[in-house]
Every structure is written in C-alpha cells, then in structure tokens.
Amino acid sequence: SGAVGVVLGVLPEQRSTISGGDFAFGLSFAQLVGCFARPGTLVRLELCGGGMVSALHVVVYAPEPDNPGQKWMVGATEMARSVVKLVGSAVLEVGVSAGEGWPRRSFFIAGRPTAGNTVFAQPAVALAAWIGVGVGWQ
C-alpha cells in the first residue's frame, strides 16, 4: 500500500573549535515523502522518497564572520523505516535516511593556506539513522 508523510526535524547547533576558529553548525528541515508500505500486524515496513527544504545554521564566534546566518537548500530525500507496535498505541521506530541537498556549501577561514582553511563542507549525500519510541495512529 502507499502512504504520504511529512517529516520535520531540528539538529541543534554543535559548537567546535577547529582550525583556530570557534564555530557552530546545525540544521532544520522539512520533508514531504511518498512511501511504499508493507503493513503487518506488529511491524510496518516503509520505503520512501521525496523532497526536502532545509536551513543550515551557521554561527561564527571567532574569527570575525564574513557571511554568517542561515543557508537554505533544497533536495531529494530517501528513507527506510520500520514501525513496531509495542503495547496500546506505543510504537518503536527504527530508520535510516539519505539526503542530497543543493546547493552544497563549504566554509573556509579567509587568509589561511588552502590546505588547512576548510572548517566544514557539506557532503554530496548526508546520512542519518534514528531509533525512538512514540505514539502511533492510523
């Protein structure tokens, strides 16, 4: 059977002092996916694909930022997940996803040698995995 889903997420900024600077990067996103679902009595398996819109949060504490703030991107997303019915309406969800965002960005420290100035570069494919307990509904 088929299903449509909306996924909203926030990955809070993670602060790092690398390459002689002080930075934080995070991500907020929304996905709209269509899924092929194999419902079962206890386990529901889903394979999904769709589109996403996201904002990469860029916080620069030091050195002086050149172009800080939100960096928007769009892209494709794929997801596989299983939802296991526990008791009552409680469910256990386990999943993996891949996202291909555009435009991809890299962040550099200006005035440093090219070999050591990259602070962060978005990968061509971003992977995520999750496990959680929640409430399911039809």
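**View 1. The side chains of D22 and R15 form a polar contact.** In this predicted model, the two side chains come to 2.6 Å from each other. D22 belongs to strand β2, which covers residues 22-38. D22 has a relative accessibility of 14%, so it counts as buried; the cut-off for that label is under 20%.

**View 2. D22 touches residues on both sides of its place in the sequence.** R15, S16 and T17 are among its contacts. V59, V60, Y61 and A62 also touch D22. Residues up to four places away in sequence are left out of this list. Strand β3 spans residues 43-62, and V59, V60, Y61 and A62 are the contacts of D22 to look for there.

**View 3. R15 places its charged end over the ring of Y61.** The charged end of R15 lies 3.5 Å from the centre of that ring. Both partners return from the earlier views: R15 and Y61 each touch D22. The R15 side chain also holds the polar contact with the D22 side chain. What is the number of aromatic pairs in the structure? The count is 0.

**View 4. C35 and C48 are joined by a disulfide.** The distance from S to S is 2.0 Å. The disulfide count comes to 1. Is the link of C35 and C48 right-handed or left-handed? It is right-handed, with 105° about the S-S bond. C35 sits in strand β2 and C48 in strand β3, so the link ties together parts 13 residues apart in sequence. Both cysteines, C35 and C48, are buried. Strand β2 thus appears again here: D22 lies in it as well.

**View 5. The whole chain is built with 8 strands and 0 helices.** From the N terminus, the order of elements reads β-β-β-β-β-β-β-β. The radius of gyration is 19 Å, well over the 14 Å that the globule rule gives for 138 residues, so the chain is more spread out than a compact globule. The C-alpha trace spans about 60 × 25 × 25 Å along its principal axes.

**View 6. Burial and contacts are taken over the chain.** How much of the chain is buried? Buried residues make up 28% of the 138 residues. D22 is one of the buried residues, and C35 and C48 are buried too. Among contacts with a separation of 6 or more, 57% come from residues 24 or more positions apart.

Conventions:
Residues are numbered from 1 along each chain as its sequence is written. This is a predicted model: local features need pLDDT of at least 70, side-chain atom pairs count only at pLDDT 80 or more; totals for chains, interfaces and linings use all residues. Side-chain values use heavy atoms; hydrogens and water are left out. Helices (H or I, at least four residues) and strands (E, at least two) are DSSP runs, numbered from the N terminus. Buried means under 20% relative accessible area, exposed over 50%, partly exposed in between (1.4 Å probe, protein chains only). A polar contact is a pair of N or O atoms within 3.5 Å; within protein, one must be able to donate a hydrogen and the other to accept it, and residues adjacent in sequence count only if both atoms are side-chain atoms. Contact means heavy atoms within 4.5 Å. Rings of Phe, Tyr and Trp (its six-membered ring) pair if their centres lie within 6.5 Å; planes under 30 degrees apart count as stacked, over 60 as edge-to-face and the rest as tilted. A charge sits over a ring if NZ of Lys or CZ of Arg is within 6 Å of the ring centre and within 35 degrees of the ring normal. A disulfide is a pair of cysteine sulfur atoms within 2.5 Å. The radius of gyration is taken over C-alpha atoms; the globule rule is 2.2 Å times the number of residues to the power 0.38.
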